[in-house]
Amino acid sequence: MLIEMPSHADIGLLPGALAAIARTVDAGLDHILQPPGDARDQLYAAMRHAAIGGGKRLRPLLVKTTADLFNVPEDHSRRAGLAIECLHVHSLIHDDLPCMDDDDTRRGKPTVHRAFDEATAVLAGDALHALAFELLAQPATHPRSDVRANLVMELARCAGAAGMAGGQMLDLLPSHDTGNLEGITRLQEWKTGALIEWSVDAGALLGEASNVERLALRGYARRLGLAFQIADDLLDVEGSEAVVGKRLKKDQAQGKSNFVSVLGIRQAKEMARRLVDEAVDALAPIAAPTELLIELAVFAIERDR
């Protein structure tokens, strides 16, 4: 299936959905991260600084959109969405540390280690990581304990050595062979794609979807994750720091390979569009309307931040 790539103005359901999920996530985190009024207040302030305001909220929206396919109660998908956002923000805080990418800005404001200090940033990331699993494990997320256990187990896998952390390790090793398409794809499937795949799978788990439906949605998510990363690599070359809200051209400055350096701009764009087409095709077994998932796939490569 070859889909026509619309401009932002042409996208129908997505603007309202993005605005709504941003309000939901910010309100939820504001409630959960109320300072306790004791010696931990600085830790809570750092968590709030990183987690509230800004960001695309793509992962929580993927959770909700997929969960809606299976008529999951909104409070269940909201809690899972908050969990993945906490885990994602944890990764951003740690990724920005001097021992990693050493960035000064994130989401248009100072990174946590700049706004506070390195030790507070490490603890804020750790606390958000723990909070993600706490949210998923609580009965309010789903009445069935086996569903909650699967959510926790899958997120642990996607966040650990077999997923995000493993991908980050590859990214830190200049000796690792990531100078070709196979190597870059493997790195980004772990580092970026794993949490996007969990976000889609979480909605299916909450909705007790069939194995066929889960496999279809995972196929969509895997291609979406790669397309999203290619768009990030293109923004690193062609984007505006004022719009993106973080330092650009990092990979080039650090001598790291990415999809653009391996493929070139034209071929990277072609690959991203092909992946979006494949992501849409993967949704064929899903009986419920998937328009918003299709719009999200297009947004992943048409966005400017």
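Helix H4 covers residues 74-95 in this predicted model. At 1.5 Å a residue, its 22 residues should span 32 Å, and the end C-alpha atoms lie 31 Å apart, so the expectation and the model agree. What surrounds H4? Of its 22 residues, 19 are buried, so the helix is largely enclosed by the rest of the structure.

Now to the cysteines. How many disulfides does the structure hold? The count is zero. Take Cys-86 as a case: the closest cysteine sulfur belongs to Cys-158, and it sits 16 Å away. A disulfide needs the two sulfur atoms within 2.5 Å, so the distance of 16 Å is too far for a bond. Cys-86 is buried, with a relative accessible area of 0%, whereas Cys-99 counts as exposed at 61%.

Here are the relative accessibilities of four residues, side by side:

| Residue | Relative accessible area | Class |
|---|---|---|
| Cys-86 | 0% | buried |
| Asp-233 | 3% | buried |
| Thr-120 | 9% | buried |
| Cys-99 | 61% | exposed |

Two of these residues deserve a second look. Asp-233 is found in helix H10, which runs over residues 211-238. With a relative accessible area of 3%, Asp-233 falls under the 20% limit and therefore counts as buried. Between Asp-233 and Ala-156 there are 26 Å in space, C-alpha to C-alpha, and the two are 77 residues apart in sequence.

Thr-120 has its place in helix H6, residues 118-137. Its relative accessible area of 9% makes Thr-120 buried too. Which residues does Thr-120 contact, leaving aside neighbours within four places in sequence? They are Gln-42, Leu-43 and Ala-46.

Next comes the nonpolar interior. The largest nonpolar core has 86 residues, and those with the most contacts inside it are Leu-62, Leu-87, Leu-155, Trp-198, Leu-217, Tyr-220 and Leu-296. Helix H10 supplies the largest share of this core, with 11 residues. If you would like to follow one member of the core, try Tyr-220. Not counting residues up to four places away in sequence, Tyr-220 touches Leu-62, Val-200, Ala-279, Ala-282, Leu-283, Leu-293, Leu-296 and Ala-297. Among these partners, Leu-62 and Leu-296 are also listed with the most contacts inside the core.

Finally, the aromatic rings. The structure holds zero aromatic pairs. A ring does meet a charge, though: the charged end of Arg-303 sits over the ring of Phe-228, 3.9 Å from its centre.

Key. Residues numbered from 1 in each chain as written. Predicted model: local features only at pLDDT ≥ 70, side-chain atom pairs only at ≥ 80, totals over all residues. Heavy atoms only, no water. Helix = DSSP H or I, 4+ residues; strand = E, 2+ residues; numbered from the N terminus. Expected span 1.5 Å × (residues − 1). Buried < 20%, exposed > 50% of the residue type's maximum accessible area, 1.4 Å probe, protein only. Phe/Tyr/Trp six-rings, centres within 6.5 Å; stacked < 30°, edge-to-face > 60°. Lys NZ or Arg CZ within 6 Å of the ring centre and 35° of its normal. Core = buried A, V, L, I, M, F, W, Y, C linked by side-chain atoms within 4.5 Å. Contact = heavy atoms within 4.5 Å.
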